[in-house]
Amino acid sequence: MIVIDKLTKKFPHKDKKGQKTEKTAVDALSLHVRPGEVFGLLGPNGAGKTTTIRMLTMQLKPTAGKIAYGGRDIFSSGEAQRVKSLIGVVPQHVNFDQDLTVGENMELHARLHHMEKRERQQRIAELLNYVELTEVINDNVRRLSGGMKRRLLIARALIHKPKILFMDEPTVALDPQVRRRIWDLVRGLAREGVTVFLTTHYIEEAENLCQRVAILNKGKLTALDTPENFKERLGKFTVEWDGSEGREYRFFGEKQEAAAFAGSQEAAGGILIRPTNLEDVFIELTGHKGGL
Ligand SMILES: Nc1ncnc2c1ncn2[C@@H]1O[C@H](COP(=O)(O)OP(=O)(O)OP(=O)(O)O)[C@@H](O)[C@H]1O
């Protein structure tokens, strides 16, 4: 179980006049993630997602608050090694050793985890097979496509069989086909009992992949629920039409209510009744359009 309690990060900041002040990137965030869950942290740019992941992966110390895995505070003394073996990290930006091959990059990471030679070789072969990169084991990492690099990042993060996998924007800038392949990999991991904590600003990703989603806005937890419950709470049916300032939206619990409302708006252009999606929820809660 991941327990996050009033987690806060403030950075030194200079205001417009050049005066020293502080910027709160993460503001008293509290939530739990269950073992084996795929949990999504969704939010617009600058919401504090990366800062949260960096604290969860011990790359950054919180200003206040607590993080515990299996009931133990990750920042208490003597915990670093336990946490390192418990977690795997897929960073937002590719950070391979550019002069090495795919296999050598994996090998380097396995050595960092003090794995023995035979175990290393076996695990590297198994993982490259899992992410379908066996054929490029001897290629320099520079030669990989964006999607292949992402899959290699995932394989590398799994080298020591972590119980919790953190993924920061795992499919950013990938085409939809590659994105779906990565989603399949994540689902497979969850089936094997790995807890996956991911950040994304792709609504579709959260909706398709995550059992529960937390919406972060300006560092604060705005809402937390399953994608289904979010949609149900807003109203499962959406009526949208061309208003005076762009598209307008109304949400309804029952299809008949939506149809009756749409009927009463006959004069409006482009009227449409459709199922509510997580993007509608996101816009209602944050005022931002997602996926940008
Ligand atoms: N090292 C830092 N020093 C100062 N401010 C920072 C630092 N890192 C992040 N911030 C600020 O904290 C806020 C949250 O940033 P963060 O990168 O966590 O957001 P994000 O939700 O991951 O955004 P994106 O989707 O753009 O990656 C932003 O206002 C950012 O400018």
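The domain bounds I will use come from an automatic or database domain assignment. With that said, the protein is divided into domain 1, residues 2–227, and domain 2, residues 236–275. Taken over C-alpha atoms, the centres of domain 1 and domain 2 are 39 Å apart. Please keep in mind that this is a predicted model.

Some overall figures. The protein has 10 helices and 13 strands. Its C-alpha trace spans about 70 × 50 × 40 Å along the principal axes. There are 292 residues, and 34% of them count as buried. If we take contacts between residues at least 6 apart in sequence, 67% of those join residues at least 24 apart.

Now the ligand. Which residues are around the ligand? Going along the chain, they are Phe-11, Lys-23, Ala-25, Gly-43, Asn-45, Gly-46, Ala-47, Gly-48, Lys-49, Thr-50, Thr-51 and His-201. Two elements give two or more residues to this shell: strand E2, residues 20–33, and helix H1, residues 49–56. Helix H1 gives the most, with three residues. Sorted by class, the shell has seven polar, three nonpolar and two charged residues.

Next, helix H5, residues 146–157. I checked its length. H5 has 12 residues, and at 1.5 Å a residue it should span 16 Å; the C-alpha atoms at its ends are 17 Å apart, so the two figures agree. Seven names come up as buried in H5: Arg-150, Arg-151, Leu-152, Leu-153, Ile-154, Ala-155 and Arg-156. Note that Arg-150, Arg-151 and Arg-156 are on that list. What covers the buried residues of H5? The cover includes strand E6 (87–90), helix H3 (102–112), helix H4 (117–130) and helix H6 (176–191).

That brings me to helix H6, and to one residue in it, Leu-189. Is Leu-189 buried or exposed? The cut-off for buried is 20 or more other C-beta atoms within 10 Å. Leu-189 has 21 within that distance, and therefore Leu-189 is buried. What does Leu-189 touch, leaving aside its neighbours within four places in sequence? Leu-189 is in contact with Leu-165, Val-194 and Val-196. For a longer reach, take Pro-91, which is 98 residues from Leu-189 along the chain. The C-alpha atoms of Leu-189 and Pro-91 are separated by 17 Å.

To recap: helix H1 is the main contributor to the ligand shell, with three residues, helix H6 is part of what covers the buried residues of H5, and Leu-189 of helix H6 is itself buried.

Terms used:
Residues are numbered from 1 along each chain as its sequence is written. This is a predicted model: local features need pLDDT of at least 70, side-chain atom pairs count only at pLDDT 80 or more; totals for chains, interfaces and linings use all residues. A residue is near a molecule or strand if its C-beta atom, placed from the backbone, lies within 6 Å of it. Helices (H or I, at least four residues) and strands (E, at least two) are DSSP runs, numbered from the N terminus. Ala, Val, Leu, Ile, Met, Phe, Trp, Tyr, Cys and Pro count as nonpolar, Asp, Glu, Lys and Arg as charged, and the others, Gly among them, as polar. The expected span of a helix is 1.5 Å times one less than its number of residues. A residue is buried if 20 or more other C-beta atoms lie within 10 Å of its own, exposed if 12 or fewer, and partly exposed in between; C-beta atoms are placed from the backbone. Two residues are in contact if their C-beta atoms, placed from the backbone, lie within 7 Å.
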